[in-house]
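Reader: I am new to this structure and would like a careful look at one part of it, with the rest described around that part. Please take your time over the answer.

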Amino acid sequence: MVRYLQCELWRYRQGSVLSPFLFNIYLDDVGKLNDCVNRKFIIVYADGILLIVQFVSELRSLLRACEKELITIDTKINVKKLCCMRVGPRCNAICANLQTSDGRYLPWVSEMRYFGIFVVKARSFRCSLSHSKRSFFGAVNGVFGKLLNLASELVILELVKSKCFPILLYGLECCNLRSADLHSSDFTYNRLFMKLFRTKSINVVKDSQYYFGAVLPSFLVLRKADKLA
């Protein structure tokens, strides 16, 4: 059983290419609170902090330690973006309320966003694709609204590939996707071809993808995952 807590720091000055590097140095002491022996993990990336522990009591103590360390470097936690989530066989069990050092309660949520990836409460680690699919359709409809009757299918597909496809694939190679998730992303891509070629036939869709050299999202995700491995 794992509990997740996400907190984001107040926005720091951005714009310089050195900002992320210098900020990671600034938060280096927070990362040193990791305790791999007792399975207490802190993931610090840019202005986001992710705490992973086994028990609520350990989460409370780790949160206190992080708050204490942040105070020493004159940094505050953005409580509005602070949340907890439970993943594991007892994910639906009611957990004790947690408070920050100034007495504000942390909500237990069923879905958490961490740098564009939506993690959901489940018996095992799972990610939600509903947000990426909705954003993908929004971007595709924007292209269709401007060019559907003006540009060729090849031009539209190239624009979708460069501007919209990354929205659908963002971060998926790092997620533990099920077969159903991969099929869902493929179905989303197939719907694009159905709308573009005004057909409901999956055979027509497959032929179009073959002749236009289109690759299904599931294949690209698995290929990226293999490269990371």
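Is E67 buried or exposed? I would like to begin with that residue and its partner, and then move outward to the rest of the chain.

Author: This is a predicted model, and everything that follows should be read with that in mind. E67 is buried, because its relative accessible area is 8%, and a value under 20% is what the word buried requires. The residue forms a salt bridge with R64, in which the closest N and O atoms are 3.5 Å apart. Both E67 and R64 lie in helix α3, which covers residues 56-72, and they are 3 residues apart, about one turn of the helix. An α-helix has 3.6 residues a turn, so residues three or four places apart point the same way. R64, the other member of the pair, counts as partly exposed, because its relative accessibility is 34%. The bridge therefore joins a buried acidic residue, E67, to a partly exposed R64.

The pair can be set beside the other salt bridges, of which the structure holds 3 in total. In another of them, the side chains of D181 and R178 meet with an N to O distance of 3.4 Å. There D181 is buried, with a relative accessible area of 9%, while R178 is partly exposed at 38% relative accessibility. A further bridge brings together the side chains of D102 and R104, with 2.5 Å from N to O. In that bridge D102 counts as partly exposed at 47% relative accessibility, and R104 also counts as partly exposed, at 43%.

Close to E67 in the sequence is a cysteine, C66, which is buried, with a relative accessibility of 3%. A search of the whole structure finds 0 disulfides. C84 is accordingly in no disulfide, and the nearest cysteine sulfur, which belongs to C83, is 6.8 Å away. C84 is found in strand β4, made of residues 77-87, and it is buried, with a relative accessible area of 0%. Although C84 and P107 are 23 residues apart along the chain, their C-alpha atoms are separated by 6.1 Å.

Stepping back to the chain as a whole, there are 8 helices and 9 strands, and of the 229 residues 41% count as buried. Among the contacts between residues at least 6 apart in sequence, 66% join residues that are at least 24 apart. The chain exposes about 13600 Å², and carbon and sulfur atoms supply 56% of that area. Part of the surface is a nonpolar patch of about 550 Å², which is made by V17, L18, F21, L22 and I25. I25 belongs to helix α1, residues 19-26, and is partly exposed, with a relative accessible area of 49%.

Among the other helices, α5 covers residues 153-169 and bends by about 45° at K161. Its buried residues include I156, L157, V160 and C164, and F165, L168 and L169 are buried as well. Just after this helix, G171 takes a positive phi of about 70°. In helix α7, which runs over residues 202-211, one finds S208, a buried residue with a relative accessible area of 10%. When its neighbours within four places in sequence are left aside, S208 is in contact with F193 and F197.

Two backbone positions in loops complete the picture. Most residues other than glycine have a negative phi, and most peptide bonds are trans. F115, however, has a positive phi of about 50° although it is not a glycine. F115 sits in the loop between β7 (111-114) and β8 (117-120), and at 29% relative accessibility it counts as partly exposed. R198 is another residue other than glycine with a positive phi, here near 50°. R198 is found in the loop between α6 (179-196) and α7, and it counts as exposed, because its relative accessibility is 61%.

To return to the starting point, E67 is buried, and its salt bridge partner is R64, a partly exposed residue that lies with E67 in helix α3.

How values were computed:
Residues are numbered from 1 along each chain as its sequence is written. This is a predicted model: local features need pLDDT of at least 70, side-chain atom pairs count only at pLDDT 80 or more; totals for chains, interfaces and linings use all residues. Side-chain values use heavy atoms; hydrogens and water are left out. The bend at a residue is the angle between axes fitted to the seven residues ending there and the seven starting there. Helices (H or I, at least four residues) and strands (E, at least two) are DSSP runs, numbered from the N terminus. Buried means under 20% relative accessible area, exposed over 50%, partly exposed in between (1.4 Å probe, protein chains only). Contact means heavy atoms within 4.5 Å. Accessible areas come from the Shrake-Rupley method with a 1.4 Å probe; for residues, only the protein chains shown count as cover. Patches are made of residues with over 30% relative accessible area and no salt bridge: like charges are joined within 9 Å, nonpolar side chains (Val, Leu, Ile, Met, Phe, Trp, Tyr) within 5 Å. A salt bridge is a side-chain nitrogen of Lys or Arg within 4 Å of a carboxyl oxygen of Asp or Glu. A disulfide is a pair of cysteine sulfur atoms within 2.5 Å.
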